[in-house]
Amino acid sequence: MADEQLDGPDDEIWSAILACEQILEAMPTDRRSLSTLTYAYAKIGDQVQAKEYMLRLADAVIEDEDTKMALELLPKMRAIAPDEEVKDRLVKLSALSPEDGGEVVEIMDDTLEADEPAPDKPGAPSPEASAARVVVNLTGELAFAWKLQEAEELTKDEYSSVVQDLTDLSSGGDATVTISVLHVLSDRGFKNLERVLTTAARDSGMANIVLTSFQLVHEAAELLPREFMVRRGAIPYEFLGDHVLVGILNPYDADLQRDVESQLGRSCHFYLVSPADFDAAIERIDRMDDEDEKKYD
């Protein structure tokens, strides 16, 4: 459950901490944020805060009666000094776990001081995993917004407004809406959107392309479900040998890049695209799909 995005400089870790704590203000039981904060505070050596967020994560898992997550969390909880709070959560987590639970996949590390995680290997995910991943990484979007504020591309007030819009959109649950910093800025009529794209491309080292200048290969776009593309902000648009070229809306979201490669089972090259470019590409894909359906009518 360690977040590989946090294996970087302290300023990146603190950015993630700030973003996650803001998410928790709106969604106090968001398990992804609680997990990330547990790991982040452990990385910077604040074991008190790491324990506090782990206890809150345990409470969320217990409330949701999530057996699988309970199995993942138990080894980590057992590594903490067993005071009364920890013992209480251990008892409740153990009660959720089936007696013949079998092999426990320890997604969490054995101690709060996380080891270097093994890189994910691309492969065909199960249908269950595919469905579960059509979830917006709000942490990644908030981290993107924070980086823009740090780069002085957003004022504090603009940053706060973007964060509020992102949390409102996320809680709305509309599967047809792409929840991204770039879309929020575009919808707000942000005058310096082009400069934001240039700054993000330069800072992340990811080229900013004009997707509509490329011929969108339908066979590439079909590799990802439409809902995944819309919700996560990623469009496969062309092949380069055995690799796939993918346009994305958040150049900092490493989880997105890993999930796309896992979904496709191939190595990918990622490029930053504008929100208008992204929406136009989705419309092109929809037209292609409609034309294909008419052929078989």
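Q: Which hand does the crossing of helix 3 and helix 4 have?
A: Happy to start there: in this predicted model, helix 3 and helix 4 cross in a left-handed way.

Q: What describes two packed helices in general?
A: Two things do: the angle between their axes and the distance between those axes. In our case, helix 3 (residues 47-64) packs against helix 4 (residues 67-78) at about 155°, and the axes lie 10 Å apart. Since angles over 145 degrees count as roughly antiparallel, that makes helix 3 roughly antiparallel to helix 4.

Q: Which residues in helix 3 and helix 4 meet?
A: Helix 3 brings Met-54, Leu-55, Leu-57, Ala-58 and Val-61, while helix 4 offers Met-69, Ala-70, Leu-73, Lys-76 and Met-77. Sorted by class, this contact has nine nonpolar residues, no polar ones and one charged.

Q: Is helix 2 largely enclosed or largely open?
A: Burial helps here, with under 20% relative accessible area as the cut-off for a buried residue. Eleven of the 13 residues of helix 2 are buried, so helix 2 is largely enclosed by the rest of the structure. Among the buried ones are Arg-31, Leu-34, Tyr-39 and Tyr-41.

Q: How far does helix 2 reach from its first C-alpha to its last?
A: Helix 2 (residues 31-43) reaches 18 Å, close to the 18 Å expected at 1.5 Å a residue. Gly-45 follows helix 2 and has a positive phi, near 90°.

Q: And what about helix 10: which of its residues are buried?
A: They are Leu-193, Val-196, Leu-197, Thr-199, Ala-200 and Ala-201. Helix 10 has twelve residues (193-204) and reaches 16 Å, close to the 16 Å expected at 1.5 Å a residue. Just after helix 10 comes Gly-205, with a positive phi of about 75°.

Definitions and conventions: Residues are numbered from 1 along each chain as its sequence is written. This is a predicted model: local features need pLDDT of at least 70, side-chain atom pairs count only at pLDDT 80 or more; totals for chains, interfaces and linings use all residues. Side-chain values use heavy atoms; hydrogens and water are left out. Axes are lines fitted to C-alpha atoms, for helices over the stretch in contact, and angles run from 0 to 180 degrees between N-to-C directions. Helices (H or I, at least four residues) and strands (E, at least two) are DSSP runs, numbered from the N terminus. Angles under 35 degrees count as roughly parallel, over 145 as roughly antiparallel, 65 to 115 as roughly perpendicular and the rest as oblique. A crossing is left-handed if the near helix is turned anticlockwise from the far one by less than a right angle, and right-handed if clockwise. Contact means heavy atoms within 4.5 Å. Ala, Val, Leu, Ile, Met, Phe, Trp, Tyr, Cys and Pro count as nonpolar, Asp, Glu, Lys and Arg as charged, and the others, Gly among them, as polar. The expected span of a helix is 1.5 Å times one less than its number of residues. Buried means under 20% relative accessible area, exposed over 50%, partly exposed in between (1.4 Å probe, protein chains only).
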